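Reader: I have a model open and want to learn how to read it. Can you take me through its features, one at a time?

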Amino acid sequence: MSDPDKPALRLQDCPDWVYLLQEFDSLYRYGSAGGSKSIRSHRKRVRDTLSSVIDRNPEMTFRAPAIKPVTAHLGRALDLAERNTLAGLGRALSRVTDQLTWEYGYETMPKVLERKYAYFEVLGPQGPIKAERLILGFVLFAPNTTYPQHSHKEIEESYISVAGAWSENDGAVYAPGSLILNSPGHEHRITTGELDPCLLAYAWVGSEDRLSAPGMKLSYKRKARMTRS
Ligand SMILES: [Fe+2]
């Protein structure tokens, strides 16, 4: 979409995206830290890498906007976000919704997930805000969804709910604002509530090579339970 006659836009030319990054910074600076040393150090890695990206004022690399069926639930997710502590992040996101490139990230996508899941990246190797060692984005699930068992090779991942509650594996129910850290290789499965969509902000920390080609694969088959659409 770049026009050779127009100078390229940089991050600071796009205030809505700067403010969205500021909300991410607050989330990883002031959000619930818990008592875990590994969570604290993950949050610090996210903040430090994010600060260096903002300082660099990178060129924006917008791809064509794209939606998926699950984005029909985004309005409700943003409405729900208004009711909780991450309302600021939801509002900042609502300023850029027409510029988002929603995707699946899998070469082979289970049919049942096509209408129930999609994500987009805010920052990362693919842009729109270019970064090499960090990906920040959002993933949206429809109500009553089980996102199958998977893990991430050499990538440290955190999820924070902006709207809607979710469970990881068979553990607790996590409310908006809760953070889960998945270490590289940790197998996890996400289940959302029956009535509300679930919007999670996420961060991936890893090497440039790994984040450019994460090789997303579901490791389910026997283990995952897929809900009916
Ligand atoms: Fe994951």
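Author: Start with a helix pair. This is a predicted model. Helix α1 (residues 15–30) and helix α4 (residues 87–94) have axes that come within 9 Å and cross at roughly 160°. That makes α1 roughly antiparallel to α4.

Reader: What do I need to describe such a pair?

Author: Two packed helices are described by the angle between their axes and the distance between the axes. Here you have both: roughly 160°, and within 9 Å. Add the handedness: α1 passes α4 in a left-handed crossing.

Reader: Which residues of α1 and α4 meet?

Author: From α1, look at Y19, L20, E23 and L27. From α4, look at G88, L89, A92 and L93. By class, this contact has six nonpolar, one polar and one charged residues.

Reader: What does α1 lie across, besides packing on α4?

Author: Strands. α1 lies across β1, β2, β3, β5 and β10. Its direction is at about 80° to β10.

Reader: In what order do the six strands of the open sheet come?

Author: The order is β2-β1-β3-β10-β5-β8, with mixed pairing. β2 and β8 stand at the edges. Each has a single partner strand, so one side of each is left without a neighbour in the sheet.

Reader: How do I read a strand inside that sheet?

Author: Keep one general idea in mind. In a regular strand the side chains alternate between the two faces of the sheet. Then check the partners. Take β5 (residues 156–163) as the case. Seven bridges join β5 to β10 (residues 198–205), and these two run antiparallel. S158 has A203 of β10 as its bridge partner. With β8 (residues 179–182), β5 pairs over four bridges, again in the antiparallel sense. There, E157 stands opposite N182.

Reader: Why is β5 called largely enclosed?

Author: Count its buried residues. Seven of the eight are buried, so β5 is largely enclosed by the rest of the structure. Buried means 20 or more other C-beta atoms within 10 Å.

Reader: What about the open sheet of four strands?

Author: The order there is β4-β9-β6-β7, and the pairing is antiparallel. Its edge strands are β4 (146–150) and β7 (173–174), each pairing on one side only. β6 (residues 166–168) joins β7 through two bridges, in the antiparallel sense. W166 stands opposite Y174 in β7.

Reader: Now the backbone. What is usual, and what should catch my eye?

Author: Most residues other than glycine have a negative phi, and most peptide bonds are trans. Look for departures from that.

Reader: Which residues does the cis peptide bond join?

Author: It joins G127 and P128, with omega about 0°. P128 sits in the loop between β1 (117–124) and β2 (129–130).

Reader: And where do I find positive phi values outside glycine?

Author: Try two loops. N144 lies between β3 (134–141) and β4, and its phi is near 60°. E154 is in the loop between β4 and β5. The phi of E154 is positive too, about 60°, although this residue is not a glycine.

Reader: How many C-beta neighbours does E154 have inside 10 Å?

Author: E154 has 14, so it counts as partly exposed. N144 has 16 other C-beta atoms within 10 Å and is also partly exposed. That class lies between exposed, at 12 or fewer, and buried, at 20 or more.

Conventions:
Residues are numbered from 1 along each chain as its sequence is written. This is a predicted model: local features need pLDDT of at least 70, side-chain atom pairs count only at pLDDT 80 or more; totals for chains, interfaces and linings use all residues. Two strands pair if DSSP finds at least two bridges between them. Axes are lines fitted to C-alpha atoms, for helices over the stretch in contact, and angles run from 0 to 180 degrees between N-to-C directions. Angles under 35 degrees count as roughly parallel, over 145 as roughly antiparallel, 65 to 115 as roughly perpendicular and the rest as oblique. A crossing is left-handed if the near helix is turned anticlockwise from the far one by less than a right angle, and right-handed if clockwise. Two residues are in contact if their C-beta atoms, placed from the backbone, lie within 7 Å. Ala, Val, Leu, Ile, Met, Phe, Trp, Tyr, Cys and Pro count as nonpolar, Asp, Glu, Lys and Arg as charged, and the others, Gly among them, as polar.
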